[in-house]
Amino acid sequence: MALVTDAEVKEIIDTELTTTTFITTAHLIVTEDLGDAGYSSDRQKQIELYLAAHFTALMEEGGGITRRRMGDSDESYALVKGNGLMMTRYGQQAMALDTSGILKGLNNTSLPALFTVVGSTDTECG
């Protein structure tokens, strides 16, 4: 059962979307990836809240709105270098709340690679 509600998510992000799907995804991450981290239920709830807001922001705002003007309508979106949880301030906050670094590790999309050069030591000179 999710730790946060649609109304709680909407307290921190302005959206008309129903956030139930985003809450479900956030809850899955909190229970499966952070379940053994030893966090209190209060900390788990806060992480779930910010993860749900992160997923909402990705759908609603394309990464996070930084400014909105009403007269002559003007909006600016965050251009964040990085991907995953670094794309929104909500994802960044979820990572900050996760002092174990598990979310940061999940966010790391750089995979190690091993390159081997295969060739001959003999060269032909013409």
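**View 1. Gln 92 is partly exposed, with a relative accessible area of 32%.** Partly exposed sits between buried, under 20% relative accessible area, and exposed, over 50% (1.4 Å probe, protein chains only). Gln 92 belongs to helix H4. Its C-alpha lies 9.1 Å from that of Leu 51, although the two residues are 41 apart along the chain. The model is predicted, so local features need pLDDT of at least 70 and side-chain atom pairs count only at pLDDT 80 or more, while totals for chains, interfaces and linings use all residues. Residues are numbered from 1 along each chain as its sequence is written, and side-chain values use heavy atoms, with hydrogens and water left out.

**View 2. The whole protein chain has five helices and two strands.** Helices (H or I, at least four residues) and strands (E, at least two) are DSSP runs, numbered from the N terminus. From that end, the order is α-α-α-β-β-α-α. The chain has 126 residues, and 32% of them count as buried. Its exposed surface comes to about 8600 Å², of which carbon and sulfur atoms supply 53%. Areas follow the Shrake-Rupley method with a 1.4 Å probe; for residues, only the protein chains shown count as cover. Take the contacts (heavy atoms within 4.5 Å) between residues at least 6 apart in sequence: 60% join residues at least 24 apart.

**View 3. Helix H3 packs its buried residues against four other helices, H1, H2, H4 and H5.** H3 has 20 residues and covers residues 41–60. From first C-alpha to last it reaches 28 Å, close to the 28 Å expected at 1.5 Å a residue. The expected span is 1.5 Å times one less than the number of residues. Its buried residues include Gln 44, Ile 47, Glu 48, Leu 51, His 54 and Phe 55. The partner helices are H1 (6–12), H2 (20–32), H4 (89–97) and H5 (102–107).

**View 4. The largest nonpolar core holds 24 residues.** Such a core is a set of buried Ala, Val, Leu, Ile, Met, Phe, Trp, Tyr and Cys residues joined through side-chain atoms within 4.5 Å. Val 9, Ile 47, Leu 51 and Leu 103 touch the most other members. H2, H3 and H4 each supply at least two residues of this core. H3 gives the most to it, with eight. Beyond its neighbours within four places in sequence, Ile 47 contacts Val 30, Leu 34, Tyr 39, Ala 94, Leu 97, Asp 98 and Leu 103.

**View 5. Glu 48 is buried and has no salt bridge.** A salt bridge is a side-chain nitrogen of Lys or Arg within 4 Å of a carboxyl oxygen of Asp or Glu. For charge, Lys and Arg count as positive and Asp and Glu as negative; His and the chain ends are not counted. The nearest side chain of opposite charge to Glu 48 is Lys 45, at 8.5 Å. Glu 48 lies in H3. Leaving out residues up to four places away, Glu 48 touches Ala 2, Leu 3, Val 4, Ile 23, Ala 26, His 27 and Val 30.

**View 6. His 54 is buried, at a relative accessible area of 2%.** This histidine is also part of H3. Setting aside residues up to four places away in sequence, His 54 touches Gly 84, Leu 85, Thr 88, Tyr 90 and Gly 91. Gly 84 is 30 residues from His 54 along the chain; their C-alpha atoms are 9.5 Å apart.

**View 7. Two salt bridges are found in the whole structure.** Side chains of opposite charge can pair when their charged atoms come close. Asp 6 pairs with Lys 10, with closest N and O atoms 3.1 Å apart. Both residues lie in H1, four residues apart, about one turn of the helix. Asp 6 is partly exposed at 24% relative accessible area, and so is Lys 10 at 31%. Glu 8 pairs with Lys 45, with closest N and O atoms 3.0 Å apart. This pair links distant parts of the chain: Glu 8 in H1 and Lys 45 in H3, 37 residues apart. Glu 8 is partly exposed at 23%, as is Lys 45 at 28%.

**View 8. Thr 5 lies in the segment before H1.** Thr 5 is partly exposed, with a relative accessible area of 41%. Thr 20 is 15 residues away in sequence, and the C-alpha atoms of the two threonines are 7.7 Å apart.
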